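Visitor: I have a model open on my screen and would like to learn how to read its features. Could you walk me through it?

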Amino acid sequence: MAEIVREFQLAAPAEWSARFNIAPTQSVLTVTQEVGGPRVGRCMQWGLIPSWAKDRSIANSLINARAESVADKPSFRAAFKRRRCLVVADGYYEWQKGGKAKQPFHIHFPGNRPFGIAGLWESWGDDHLETCTLITTEANETTRPIHDRMPVILDPPDFTTWLESPSEDRDKLLALLRPDGANQLVADVVSTYVNNPRHEDPECLTVNRPLF
DNA sequence: CCAGACGTTGTT
DNA sequence: GTCTGG
DNA sequence: CCAGACGTTGTT
DNA sequence: GTCTGG
C-alpha cells in the first residue's frame, strides 16, 4: 500500500489487501479525484452498472469498454464525461486460445511496479453501489501474440488529465487511450490453476516456462 | 408518439 | 438517462 | 475472464 | 449455444 500511495499520490492509504485472481463482479482498488480534490483510493465492484439498469445482471457484460467507442456508447458515455477512474493493479491475466486449450499469461512490469488502468465508474441504485469498467485498446508488441486487446495503461504523468479533465476535453481524453507505448511489459506463462476463479492465492503467479 | 435497446469477448 | 426504430 | 449451469411440478 | 456467478 505504501508503494501504491506513492505511485498514485493518494491522500491516504486505502482499505485493501493483496489479491491474486480478481474475477468480474468482485472488488477492485480504484483511484478517483474530484477536480482540485485529493486522490482517493476506494474499492468498487468490477462490472459497470449504468444508472438506468433495472438489475445488476448487466455488470457481467460491461467489464470492459472499447476505447474506440467508449465516448459514444449509451452504457458508457455518461461515465466517460463525469466519472473516470484508475484501476490499480500490478499485473493482469490474459488467455491465449489454441483449439480447446486456454493458456493463461501473467502480464506485468519488471519488479511488478503497480500501474493505473483507465476506467469508468458509476453509482447504482438506492444503495449507491459503486461499479467500474476497464477500458481496452489494441494490443502492443508484447501482448499481441496472446490476444488482440489489452487494457489502457496510463503513464503516471497522465493520471491528472484522465481524472480531472472537464467533459468537453473529449479529444484530449481519447488521445490517452493507447496501448502501452513504452512496451516494458513482461508476459509469463502461468499454470491453468488460475483458470478457476475460486483459486485465489500466490500459486496463480507460478511461472510455468519462459515465453521465448 | 411509444417501445426497446443500451456491451465485450470470442467463435462460427 | 438517452437514442433509435417503427 | 473462466467455470458451471442450463427445468418445472409439487411436496417437505 | 448462452447465460449466470465468482
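Guide: We will go through the DNA contacts, the pockets and the core in turn. Keep in mind that this is a predicted model.

Visitor: Let's begin with the DNA. Which residues surround DNA strand E?

Guide: A good start is to list the residues with a heavy atom within 4 Å of the strand. Here they are A23, P24, T25, Q26, N60 and P197. Of the strand's atoms that come within 4 Å of the protein, sugar and phosphate make up 13%.

Visitor: And where do polar atoms of the protein meet base nitrogens of DNA strand E?

Guide: For that, look for N or O pairs within 3.5 Å. The side chain of T25 places a polar atom 2.9 Å from a base nitrogen of DNA strand E. P24 uses a polar backbone atom, at 3.2 Å from a base nitrogen, while an N or O atom in the side chain of N60 lies 3.3 Å from a base nitrogen.

Visitor: How many nonpolar, polar and charged residues are there near DNA strand E?

Guide: Sorted by class, that surface has three nonpolar residues, three polar ones and no charged ones.

Visitor: Now the pockets. How does one find them?

Guide: Rolling a probe the size of a water molecule over the atoms shows where empty space is left. In this model, the largest pocket holds about 1,300 Å³ of space. Its lining has 44 residues, and those nearest the centre are I22, W46, G91, Y92 and Y93. Elements giving two or more residues to this lining include α1, β1 and β8, but the largest share, six residues, belongs to β5. By class, the lining has 27 nonpolar, 10 polar and seven charged residues.

Visitor: What is the volume of the second largest pocket, and which residues lie closest to its centre?

Guide: The volume is about 320 Å³. Of its 15 lining residues, Q33, E34, R82, R83 and L163 are closest to the centre. Both α2 and α3 supply at least two residues of the lining. The classes here are four nonpolar, four polar and seven charged.

Visitor: Last, the interior. Which residues of the largest nonpolar core touch the most other members?

Guide: To read a core, follow buried nonpolar residues whose side-chain atoms lie within 4.5 Å of one another. This core has 28 residues, and I135, W162 and L177 touch the most other members. Among the elements that each supply at least two residues are α1, β4 and β7. The biggest contribution comes from α3, with three residues.

Note on methods. Residues numbered from 1 in each chain as written. Chains lettered and ligands numbered in written order. Predicted model: local features only at pLDDT ≥ 70, side-chain atom pairs only at ≥ 80, totals over all residues. Heavy atoms only, no water. Polar contact = N/O pair within 3.5 Å; in protein donor to acceptor, adjacent residues only side chain to side chain. Nonpolar A, V, L, I, M, F, W, Y, C, P; charged D, E, K, R; others polar. 1 Å grid on protein atoms, 1.4 Å probe; cavity = no way out; pocket = protein on both sides within 12 Å on 5 of 7 lines; lining within 4 Å. Points joined across faces, edges and corners; volume = space filled by probe spheres on them. Helix = DSSP H or I, 4+ residues; strand = E, 2+ residues; numbered from the N terminus. Buried < 20%, exposed > 50% of the residue type's maximum accessible area, 1.4 Å probe, protein only.
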